[in-house]
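The following exercises treat one structure step by step. Please attempt each task before reading its solution.

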Amino acid sequence: MMSSELNLRRIIHIDMDAFFASVEQRDHPEWRGKPLAVGHDSSRGVVATASYEARKYGVHSAMSIQTAKRQCPDLIIAPGRYEVYREVSATIHRIFHDYTDLVEPISLDEASLDVTQNKKDMDLAVDIAKEIKQRIHEETGLTASAGVSYNKFLAKIASEYRKPDGLFVIHPDRALDFIATLPVEDFWGVGGKTAERMHRLGIYNGAQLRSISLGYLLHTFGKAGRTFYDFARGIDDRPVVSERIRKSVGCEHTFSQDICLKSAVIIELYHVTLELVERLQESQFKGHTLTLKVKYGDFTTISRSITQAKVLRTKDDILPLAKKLMSRVDYDANHPIRLIGLAVVNPHAGEYREKERWIELDIDF
Ligand code: TTP
Ligand code: MG
């Protein structure tokens, strides 16, 4: 209620629990309930992540495998299987997109969703978060933690608050109290070094951070000072930026009367091409594959595709290819054409950029 009155956004942050390790325990039942680290078992291997059982021994991401084994002698070391993690990632993203297309992938196992307007017309973000968690569990056998709030920063913090299998809401009314007690190292963008500097200045929590003037923060932390100033006040206007690459750009014409003369088909193909080129220019889309769709008078549909090394952008790129594809299509007076469509398709559809923090697991030194 409150949030819609204030016209605030509804943001959900989802983060899988001990992601790589949980996938390994799911696929190797004998490893369940045991301390496990994912990484390359070599003298220079590092821990990508550790199961919650292993974390009790202090094993954590980026620790060397050798140190981890010393700290936890029974530690199981599982080699990483990126293909499987990618598959799970694709599944959870499909689930997210059932609710909204405003999904910002942060890493393979983590994303921010803006559900202020959502495809299911659900009022409460917390209900959506519950459903998403349940569907992730049903479809992958894994648990995720979810945080719900009115901006990205608070939703992310909320997602970490009740891990694993957590669901936590930071209501707008409660945000300032919540931030007041938050250790500064939990603020988004505060790394180890920054936290240390804040500690030296006597700033340990949100309340203390809030008491510092903007001028002083800018002076001490540069541009980031502004962000810290805002975060301490529960302000974060960054939008959720969907990084999903567009799958295709296309257009189609349905004719008022079915056509069957070659001259008419070529003219129509020309018009569809011009419109496609216009849309390509508007969207800055880059694709290498042209797809022709033909729907006949009896509503049967066929399609033909051709892929080129160069990006398809102009009329001169596309029209010859469109004609070539059309020459592979049969039609006549008994089998006239009702619709012609053309689309430029990206063969790498659905992929998104990963952040830099990935530690390569399977490099042999
Ligand atoms: P995280 O979400 O940071 O960690 P996690 O899912 O393992 O555990 P948590 O329950 O605390 O969220 O990272 C997701 C995956 O990314 C993690 O399973 C392994 C990988 N990863 C690395 O490869 N290197 C790293 O330094 C980190 C932090 C993660
Ligand atoms: Mg995680």
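Two strands count as paired if DSSP finds at least two bridges between them. The model examined here is predicted.

**Exercise 1. Describe how β5 and β6 pair, and state which residue of β6 stands opposite Val103.**

Solution.
Step 1. Recall that strands of a sheet pair through backbone hydrogen bonds, either parallel or antiparallel.
Step 2. For β5 and β6 the sense is antiparallel, and the pairing extends over four bridges.
Step 3. The residue of β6 that stands opposite Val103 is Leu113.

**Exercise 2. Give the strand order of the sheet that contains β5 and β6, and identify its edge strands.**

Solution.
Step 1. The order of this open sheet of five strands is β5-β6-β1-β7-β8, with mixed pairing.
Step 2. Its edge strands, each pairing on one side only, are β5 and β8 (167-169).
Step 3. On average, neighbouring strands of this sheet are turned by 15° against each other, direction ignored.

**Exercise 3. Determine which strands helix α5 lies across, and describe how α5 meets α6.**

Solution.
Step 1. Helix α5, residues 82-97, lies across β1, β5 and β6 and runs at about 155° to β5.
Step 2. The axis of α5 comes within 10 Å of the axis of α6 (residues 125-140), and the two cross at roughly 145°.
Step 3. The crossing of α5 and α6 is right-handed.
Step 4. From α5, the residues Val88, Thr91, Ile92, Ile95 and Phe96 meet Ile132, Arg135, Ile136, Glu139 and Thr140 of α6.

**Exercise 4. Analyse the sheet made of β3, β2 and β4.**

Solution.
Step 1. This open sheet has three strands in the order β3-β2-β4, and its pairing is mixed.
Step 2. β3 (47-50) and β4 (76-78) are the edge strands, as each pairs on one side only.
Step 3. Here neighbouring strands are turned by 30° against each other on average, direction ignored.
Step 4. β2 (residues 36-39) pairs with β4 in the parallel sense over three bridges. Within β4, Ala78 is the bridge partner of Val38.
Step 5. Helix α2 (residues 19-27) lies across β2, β3 and β4, at about 110° to β2.

**Exercise 5. Which protein atoms are donors of the magnesium ion (ligand 2), and what is the geometry of its site?**

Solution.
Step 1. The protein donors are Asp15 (OD), Met16 (O) and Asp109 (OD), at 1.9 to 2.2 Å from the magnesium ion (ligand 2).
Step 2. Along the chain, the donors follow the spacing D-M-x92-D. Asp15 belongs to strand β1 (residues 11-16), whereas Asp109 lies in the loop between β5 (103-107) and β6 (110-114); the pair is 94 residues apart and links distant parts of the chain.
Step 3. The ideal angles for six octahedral donors are 90 or 180 degrees. At this magnesium ion (ligand 2), the angles among the six donor atoms are 82 to 176°, and the site is octahedral.

**Exercise 6. Classify Asp15, Asp109 and Lys120 as buried, partly exposed or exposed.**

Solution.
Step 1. The cut-offs are under 20% relative accessible area for buried and over 50% for exposed, with partly exposed in between.
Step 2. Asp15 has a relative accessibility of 9% and is therefore buried. Asp109 is also at 9%, so this residue is buried.
Step 3. Lys120 counts as partly exposed because its relative accessibility is 42%.
Step 4. To place Lys120, note that this residue lies in the loop between β6 and α6. Lys120 touches Asp98 and Tyr99, not counting residues up to four places away in sequence. Lys120 and Tyr99 are 21 residues apart along the chain, and their C-alpha atoms are separated by 6.2 Å.

Methods
Residues are numbered from 1 along each chain as its sequence is written. Chains are lettered from A and ligands numbered from 1 in the order in which they are written. This is a predicted model: local features need pLDDT of at least 70, side-chain atom pairs count only at pLDDT 80 or more; totals for chains, interfaces and linings use all residues. Side-chain values use heavy atoms; hydrogens and water are left out. Donors are N, O and S atoms within 2.8 Å of the metal (3.2 Å for Na, K and Ca); water is not among the atoms, so sites may look incomplete. Four donors count as tetrahedral if all angles lie between 85 and 135 degrees; four count as square planar and six as octahedral if opposite donors are over 155 degrees apart and all others between 65 and 115; anything else is irregular. Buried means under 20% relative accessible area, exposed over 50%, partly exposed in between (1.4 Å probe, protein chains only). Axes are lines fitted to C-alpha atoms, for helices over the stretch in contact, and angles run from 0 to 180 degrees between N-to-C directions. Contact means heavy atoms within 4.5 Å. A crossing is left-handed if the near helix is turned anticlockwise from the far one by less than a right angle, and right-handed if clockwise.
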